[in-house]
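Please examine the sequence and the model below before reading on. The paragraphs that follow lead through the strand pairing, the aromatic contacts and the main pocket.

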Amino acid sequence: DRCSIMPGGGVGHHFHNQCEEMFIIFDNESQFTIDGRTSLLKGPAGAPCRMGHSHAIYNPLDRPVQFMNINVSMVKGKYDAFNLGDARVGVPLDPIPVFMTMRLYKPLLEPVTNYLGGQGTVRYRRALDPSVFVTNWSYVDHLLLPPGTSEGRHRHTGVEEVYYVMNGEGQVQVDNETAAIRDGDCLPVLMNQVHSFRNNSSQDLELMIVGIAMQK
């Protein structure tokens, strides 16, 4: 899901017993709760919630927050939620989060030349690795392609990916099909599909990549 959390809005405290979920904000800041402990995170950032743990999010600001919710189930197509009936408004905040967080901050990215056989030097970081998750959710990557650079053509035999365009515009090729992309676009890449991304614009192309493995 991709939407805006309006001022004073959010997602109430709840559990998933067959799913793992992560709330992500792309701008401003919000109060994230995991297992009843709440901290303020500045976007772009997220907090993964392991299966069987509770979580919530609340926007205390006077302006909207750009929000995404990613959910990976243990059973394909199966979703569950147990609502705790708590909006988490006015709760005490921990200055340092006592739960796992994901920060998609550009200064954390590292330069990589000819990334996956592509052109030029991109900036890349694995924001979350497989040890974070219980389900087949495998990783979250952060990739920035400066103008004129690309991610090389490649395929994954045991992983499906979802690319989300955080900022900028460019071009994607999946198998033999090519399309223009821009901020807000979301592109699934199935197992064994050959794919690549290119920045043919004059501004940076910033991507978040979610990998889901066939087996843990």
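Which residue in strand 9 does H14 stand opposite? The partner of H14 is N83. The model in which this pairing is found is a predicted one. The contact belongs to the antiparallel pairing of strand 2 with strand 9 (residues 82–83), which comprises two bridges.

Strand 2 also has a second partner. Strand 2 (residues 10–15) pairs with strand 7 in the antiparallel sense, and four bridges join them. Two positions allow the reader to trace this register: V11 has I57 of strand 7 as its bridge partner, and F15 stands opposite S54 of that strand. Strand 7 is further paired with strand 4 (residues 29–34), again in the antiparallel sense and over four bridges. Here T33 is matched with A56 of strand 7. As background, the strands of a sheet pair through backbone hydrogen bonds, in either a parallel or an antiparallel manner.

The surroundings of strand 7 deserve attention next. Strand 7 (residues 54–58) is mostly covered, five of its five residues being buried. The cover extends to both faces of the strand: S54, A56 and Y58 are buried on one side, and H55 and I57 are buried on the other. I57, the bridge partner of V11, and A56, the bridge partner of T33, thus belong to opposite sides of strand 7.

A further part of the model is an open sheet of six strands, in which the pairing is antiparallel and the order is 11-12-13-20-15-18. Its edges are formed by strand 11 (110–113) and strand 18 (186–189), each of which pairs on one side only. From one strand to the next, the twist averages 25°. At the strand 11 edge, four bridges link this strand to strand 12 (residues 121–128), and the two run antiparallel. Within that pairing, E110 stands opposite Y124 of strand 12.

The aromatic side chains provide another view of the fold. The structure contains five aromatic pairs. One of them joins Y163 and F197: the ring centres are 4.1 Å apart and the planes lie at 20°, under the 30 degrees required, so the pair is stacked. Because Y163 belongs to strand 15 (residues 159–167) and F197 to strand 19 (residues 195–198), this pair ties together parts that are 34 residues apart in sequence. Both Y163 and F197 are buried. A contact of another kind involves R126, which lies over the face of Y139 at 4.0 Å from the ring centre.

The remaining topic is the open space in the model. The largest pocket has a volume of about 480 Å³. Its lining consists of 22 residues, and those nearest the centre are V72, S73, K76, E160 and I212. Four elements give two or more residues to this lining, namely strand 8 (65–73), strand 15, strand 18 and strand 20 (205–213). Strand 15 supplies the largest share, with four residues. Strand 15, strand 18 and strand 20 are also members of the six-stranded open sheet, and strand 15 carries Y163 of the stacked pair.

Note on methods:
Residues numbered from 1 in each chain as written. Predicted model: local features only at pLDDT ≥ 70, side-chain atom pairs only at ≥ 80, totals over all residues. Heavy atoms only, no water. Phe/Tyr/Trp six-rings, centres within 6.5 Å; stacked < 30°, edge-to-face > 60°. Buried < 20%, exposed > 50% of the residue type's maximum accessible area, 1.4 Å probe, protein only. Lys NZ or Arg CZ within 6 Å of the ring centre and 35° of its normal. Pairing = 2+ DSSP bridges. Axes fitted to C-alpha atoms, helices over the stretch in contact; angles between N-to-C directions. 1 Å grid on protein atoms, 1.4 Å probe; cavity = no way out; pocket = protein on both sides within 12 Å on 5 of 7 lines; lining within 4 Å. Points joined across faces, edges and corners; volume = space filled by probe spheres on them.
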